[in-house]
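Let's take a look at a few helices and see how they sit together. Have the picture open while you read.

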Amino acid sequence: MIVDLLVFPGLPLVLRLSPGRYALEGFSLRTVQRVAVPAGAVSLSSAILVTLALMLAGALTAERALVSLAVVSTLAILAPAGRWTGRAGAEAR
């Protein structure tokens, strides 16, 4: 369960936001580390944000926190793939 919380909320978000940067060329320790470290950081920060939001709303339970993280992960996985350049309005010019 702890491994799920460290990997699954962050991994789809990291891979979705910059797919070219974290493309796996092969299965080696270095490529796994390049993806695992940012995924762990994003997972922990998203868990903290969800917990804080639920706590401030007065609705903090473990079930609600896990469901919220699962929804975020599922939406990140199912989001349509597209190229994000980071420049808003660049395509309109």
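Here is a short tour of one helix, its partner and one residue elsewhere.

This is a predicted model, where local features need pLDDT of at least 70, side-chain atom pairs count only at pLDDT 80 or more, and totals for chains, interfaces and linings use all residues. Residues are numbered from 1 along each chain as its sequence is written, and side-chain values use heavy atoms, leaving out hydrogens and water.

Start with helix 4, which covers residues 62–78. Helices here are DSSP runs of H or I with at least four residues, numbered from the N terminus. The two sides of helix 4 look like this (buried is under 20% relative accessible area, exposed over 50%, partly exposed in between, with a 1.4 Å probe and protein chains only):

| Side of helix 4 | Residues |
|---|---|
| Buried | Ala65, Leu69, Ser73, Ala76 |
| Exposed, turned away from the buried side | Glu63, Leu75, Leu78 |

Why do residues three or four places apart point the same way in an α-helix? Because an α-helix has 3.6 residues a turn.

Next comes the partner, helix 2 (residues 10–17), which packs against helix 4 at an angle of about 30°, with the axes 8 Å apart. Axes are lines fitted to C-alpha atoms over the stretch in contact, and angles run from 0 to 180 degrees between N-to-C directions. The contact (heavy atoms within 4.5 Å) is made by Pro12, Leu13 and Arg16 of helix 2 and Val72, Ser73, Ala76 and Ile77 of helix 4.

Finally, find Leu6 in helix 1. Leu6 is partly exposed, at 35% relative accessible area. Beyond its neighbours within four places in sequence, Leu6 touches Ala39, Gly40, Ser43 and Leu44.

Key. Helices (H or I, at least four residues) and strands (E, at least two) are DSSP runs, numbered from the N terminus. The expected span of a helix is 1.5 Å times one less than its number of residues.
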